[in-house]
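Let's walk through this structure together, one element at a time. Keep the viewer open as you read, and turn the model whenever a new part comes up.

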Amino acid sequence: MATITRLPFDAAHFADFHATQPAIPERVVAGRRQYRTVWISDVHLGTRGCNAEMLIDFLDHVDSETMYLVGDIIDGWAMKKRLYWPATHNDIVWRVLKRAKRGTRIVYIPGNHDEMFRQFSGLDFGGVEILRQAIHETADGRRLLVLHGDEFDAITMSHRWLAHLGDYAYEALMALNRWMNAGRRLFGLPYWSLSKYAKQKVKNAVSFISKFEEIVAHEAAHRGIDGVIAGHIHKAEMREIQGVHYYNDGDWVEGCTALVEHYDGTMEILHWADEMAARDAPESEARLEAA
Ligand SMILES: [Mn+2]
């Protein structure tokens with residue numbers, strides 16, 4: 001059933017890919033921040049939504065013993081429609097393979113958008129292990145189930161896009177509502193509240209997220225493990241649900257977040273846009289003073 005989407009790099013030479021040169025050279029190699037484990041997901045390479053430069057910056061500043069790619073890394077759905085693959089997207093593949101070469105254990109758990117890789121579960125591509133799901137043991141001895149999360153879509157229903165409807169979209173919807181009803185009046189049609197309809201849908205989206213979190217946590221409890229790490233819903237989170245540790249590493253389309261494990265087993269969500277802003281701030285202030 002699954003077909004391999006044509007990739008913009010030569011899959012036959014996947015293992016040697018790191019030997020080529022990236023378009024954006026690595027900036028920090030020595031002195032990278034070290035973590036025991038890093039989880040990222042929902043990168044959506046192959047789409048315009050992917051914040052590739054920010055992820056490149058993250059990969060250049062952060063290192064770990066193990067890195068989990070928790071699905072939707074390459075967006076095969078989008079690539080089937082139209083091939084969008086700038087050099088920066090190649091650079092991310094290059095950096096992942098390079099760190100595998102340097103000794104980082106890389107575990108790739110394909111999601112629904114990169115399900116074409118699921119057929120390779122159990123195989124190893126240039127140091128990248130492909131698995132359907134994994135059990136991660138933290139430094140403080142907790143066992144966490146790592147999976148993408150689309151496994152639960154049938155239960156939590158669809159309408160994932162509604163979760164992304166922000167305030168701006170809502171404002172636009174309000175304006176659209178006004179224009180639409182002005183038009184309906186012209187044709188003698190009764191008022192129909194698009195905004196009310198949208199509000200109802202947004203409320204459903206909010207309940208979708210909490211339902212997803214609860215169901216994933218319930219699955220972990222059912223399997224008798226301490227917690228679960230997922231992606232898929234593009235919402236970074238770290239909380240306890242009915243005695244189960246629920247983690248979500250977020251995404252690199254909107255939130256630009258990663259989940260990391262420190263050497264003592266402490267978990268943390270890194271918000272990379274904030275990290276970059278904090279790093280650049282003193283320099284830009286100095287520049288302002290000099291001007
Ligand atoms: Mn997904």
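Please start with strands β9 and β10 in this predicted model. Strand β9 covers residues 237-241 and strand β10 covers residues 244-248, and the two pair in the antiparallel sense over 5 bridges. To find the register, pick out Met-238, whose bridge partner in β10 is Tyr-247. The hairpin formed by β9 and β10 has 2 residues between the strands, and there Gln-242 takes a positive phi near 50 degrees.

Now look at the other partner of this pairing story, strand β8. In which sense do β8 and β10 pair? Strand β8, residues 227-230, runs with β10 in the parallel sense, and 4 bridges join them. Here Ala-230 is a handy marker, as its bridge partner in β10 is Asn-248.

With those pairings in view, you can step back to the whole sheet. It is an open sheet of 5 strands in the order β6-β7-β8-β10-β9, and its pairing is mixed. Which strands stand at the edges? They are β6 (134-137) and β9; each has a single partner strand, so one side of each is left without a neighbour in the sheet. On average, neighbouring strands of this sheet are turned by 25 degrees against each other, direction ignored.

Next, please move to a pair of helices. Helix α1 spans residues 52-61 and helix α3 spans residues 87-101; they pack at an angle of about 25 degrees, and their axes are 9 Å apart. Since angles under 35 degrees count as roughly parallel, α1 is therefore roughly parallel to α3. As for handedness, α1 passes α3 in a left-handed crossing. On the α1 side, the contact is made by Ala-52, Glu-53, Leu-55, Ile-56 and Leu-59, while α3 contributes Thr-88, His-89, Asp-91, Ile-92 and Arg-95. Sorted by class, this contact of α1 with α3 has 5 nonpolar, 2 polar and 3 charged residues.

Finally, a word on confidence. The mean pLDDT of the protein is 83, and 80% of its residues reach 70 or more. Where does pLDDT stay under 50? One such stretch is residues 1-5, for which the model has 10 contacts beyond four places in sequence. Another is residues 158-167, with 20 contacts beyond four places in sequence in the model. Where pLDDT is low, the predicted coordinates should not be read in detail.

How values were computed:
Residues numbered from 1 in each chain as written. Predicted model: local features only at pLDDT ≥ 70, side-chain atom pairs only at ≥ 80, totals over all residues. Pairing = 2+ DSSP bridges. pLDDT = per-residue confidence, 0-100. Contact = placed C-beta atoms within 7 Å. Axes fitted to C-alpha atoms, helices over the stretch in contact; angles between N-to-C directions. Parallel < 35°, antiparallel > 145°, perpendicular 65-115°, else oblique. Left-handed = near helix turned anticlockwise from the far one by under 90°. Nonpolar A, V, L, I, M, F, W, Y, C, P; charged D, E, K, R; others polar.
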